[in-house]
Amino acid sequence: MTMYASEKSDPTIVPKKLPNKEVKASAEAMEGRVGLKGNSHQTAAVWTQSQVAASPGLMAVRQLAQRDKSLRFTALFHHVSIDLLRQSYRALNRAASPGVDGITWRDYGEELETRLRCLHVRLHAGRYRAKPARRIEIPKPDGRRRPLSIQCLEDKIVQQALVYVLNAIYETDFKGFSYGFRPGRSQHDALDALQVALYRRKVNWVLEVDIREFFDSMSHEWLMRFLAHRIADKRLLRVIRKWLKVGVQEEDKRTRSSKGSAQGSVISPLLANIYLHYVHDLWIESWRNRRAKGDVIVVRYADDVVIGFQSESEGKAFLEDLRQRLNKFGLELHPEKTRLIRFGRYAIEQCKRKGERKPEVFEFLGFTHCCTVSYKTGWFTVSRMTSKRRMRIQLREIKESLRRRKHRSIAETGEWLRRVLQGHLNYYAVPGNGRNLSSLVYQVSRYWLRMLRRRSQRHCMTWERFAAIRDSYLPTVRILHPQPLHRFDAKTQERSPVR
C-alpha cells in the first residue's frame, strides 16, 4: 500500500490483513462476508457508472491495478479516445441544465462527430480549457441552501471519460464498506450491509458521523497528492487540477476555487471517494485491526458514515482519534450531527435497567433506524422507517405543487401524482415501512381531494366519487424490496454484482 509522505512514519497505518489460507484478500473479508465461488479469481470486465462495458484497454489497466497495489500509471490519457468520449456523451443526463455556454445535450448532438473530433484534438494537444461552472442554489431540509455547480457539456463529457479511466484503477483499491457512487453499488446495498452488521456482529454502540461541508472543504493539495499515489500521467493530473481551480461564474463575476470540489460535477463523487479512501478508509481499517478489542463495523456512503462498536469506551476513543485525523486534512466533524448512541441487540434491556427511555435512533440514507422487538418471534430487530424530516419535505412539496396544478385536468394531475409516489415507493418500500408509506399516500389523497373541492364554490366531489379516482391513479402500497439479509447474502456470494 503506497502512503503519502506525512503518513510514512504513522504507526497506525499497516498493510491490509489477509484472511488465513487465502492468497488474495476478498473485499468483504473484514466485514465477515464469504468469498465468491466459481471463477472468483478471474478479473471481471470493467463496468462504468452507467453499466456500460468499458474497452479492453481499460480492462488491462484494471488487471494491472489489481495485481500491483503500488503501481503508478504513467500513460492513461491515451485511453481518452473518440469512442470513449462518444460513450461519455451518451451516458450523460439528456435533460440536464446547460452550463455558462448555454449548450444543451441535444444541441451538442447535432454535429456530434465533428465536435468530438475537435474536442479530442484539443485534449491531446494540450489546448483544452475548462470553463467555469454556473452556480445555482437549492434549499436544504434545515432551511439553508446548498450550492450546486452546473458544468458545460464539454466539461461533463471529458469528466465522464476520466471517471471511466479512474474507475478501472480505484475500483480495485476501494474498501468493501465504501458504497457511495460506485458502479454496481446502490444506497440499498449500503442499507443492507448495515442491517446485516447490526444483526450478526456484537454491536452495542453506534457512531453517527457527519462531516461538515465535506465537498466544500477538501484540500486541493492533499487530493492531488492522493491521486499521485496511483497516477503519474501529468496530462491527466493537469486536467483534474484545472477543474478544481476553474471556479464558478455568477452573473458577471467569476470566482476561482481554492479548496473543495464542485457539487454537481460528474467527477466530484469519484474525487470525494478517493479523498476519503486515504483520509478515512485506510486509517479506520488500520485502527480496527490494531486498536479495537471488540467488534467494529463500518458502512460509508460518500460522506455519510455509520460505525458500530462493541464497547462504549472504544467508541469514545475512536471519535476523538477520528476528529484529530480529519482536522489534519482540513475536515471537521459536525458537532450537532455527530453522536455516539446506545444501539444494538441489548440496548432495550440496558435502557430499562438504567431507567432510561427507549434507545435513541439514528438516520442513514433517508431512513430512521430503531431498536425494536419482533411481535411474531420476540427477537431483536432493527426497524427502518422513512425519516420524519424527509416525509415532511415530500408532503410539503406535493402540497405546493397540487396548489399550482389546481385547474389542470384530473387525468394530468393523477398521472403526475402516480409518478411522484411510485418514485417514493421504489426507494422507501422496504420491509417494515408499510405503515409510513400508507400514511403518505393517505395524506396525499386528502390534499388532492381538498384541491379538487376548491376548484369551485359548489363542489360536488364526494369522498365516494374521489375514491374511484384515487384508486385509478395512485399506486397501491406494496413492499418492493426483499429482506436485507436475503439480498445481502445473495449479492455477496454466488451472484454478487459487487466485489
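A polar contact is a pair of N or O atoms within 3.5 Å. This model is predicted, and one such pair marks the start of helix α9. There, a side-chain oxygen of D233 comes to within 3.1 Å of the backbone nitrogen of R235.

The helix itself spans residues 234-245. It has twelve residues and reaches 16 Å from its first C-alpha to its last, close to the 16 Å expected at 1.5 Å a residue. Its buried residues are L236, L237, V239, I240, W243 and L244. They cover an arc of only 160° around the axis, which puts them on the same side of α9. What do these buried residues of α9 pack against? Their partners are α5 (153-170), α8 (220-228) and α10 (268-290). After α9 comes G247, with a positive phi near 80°.

Turn now to the rings. The whole structure holds 23 aromatic pairs. One of them joins F214 and Y275: the ring centres are 6.2 Å apart and the planes stand at 65°, so the pair is edge-to-face. F214 belongs to helix α7 (residues 214-217) and Y275 to helix α10, so the pair ties together parts that are 61 residues apart in sequence. Both residues, F214 and Y275, are buried. They also belong to one aromatic cluster, formed by F214, F215, W222, F226, Y275, Y278 and F329.

F343 and F362 make another edge-to-face pair, at 5.0 Å centre to centre with 70° between the planes. F343 sits in the loop between β8 (339-342) and α12 (347-353), while F362 is in strand β9 (residues 362-364), so this pair ties together parts that are 19 residues apart in sequence. F343 and F362 are both buried.

F362 leads on to strand β10. This strand covers residues 367-373 and contains T368. Is T368 buried or exposed? T368 is buried, because its relative accessible area is 10%, and the cut-off for buried is under 20%. Which residues does T368 touch, beyond those up to four places away in sequence? Its contacts are V361, F362, E363, S383, R384, M385, T386, S387 and K388.

R384, one of those contacts of T368, also meets a ring. Its charged end sits over the ring of F367, 6.0 Å from the centre. A further arginine over a ring is R185, which lies over the face of Y179 at 4.7 Å from the ring centre.

Methods. Residues are numbered from 1 along each chain as its sequence is written. Side-chain values use heavy atoms; hydrogens and water are left out. Helices (H or I, at least four residues) and strands (E, at least two) are DSSP runs, numbered from the N terminus. Buried means under 20% relative accessible area, exposed over 50%, partly exposed in between (1.4 Å probe, protein chains only). Contact means heavy atoms within 4.5 Å. The expected span of a helix is 1.5 Å times one less than its number of residues. The arc is that of the directions from the helix axis to the C-beta atoms. A polar contact is a pair of N or O atoms within 3.5 Å; within protein, one must be able to donate a hydrogen and the other to accept it, and residues adjacent in sequence count only if both atoms are side-chain atoms. Rings of Phe, Tyr and Trp (its six-membered ring) pair if their centres lie within 6.5 Å; planes under 30 degrees apart count as stacked, over 60 as edge-to-face and the rest as tilted. A charge sits over a ring if NZ of Lys or CZ of Arg is within 6 Å of the ring centre and within 35 degrees of the ring normal.
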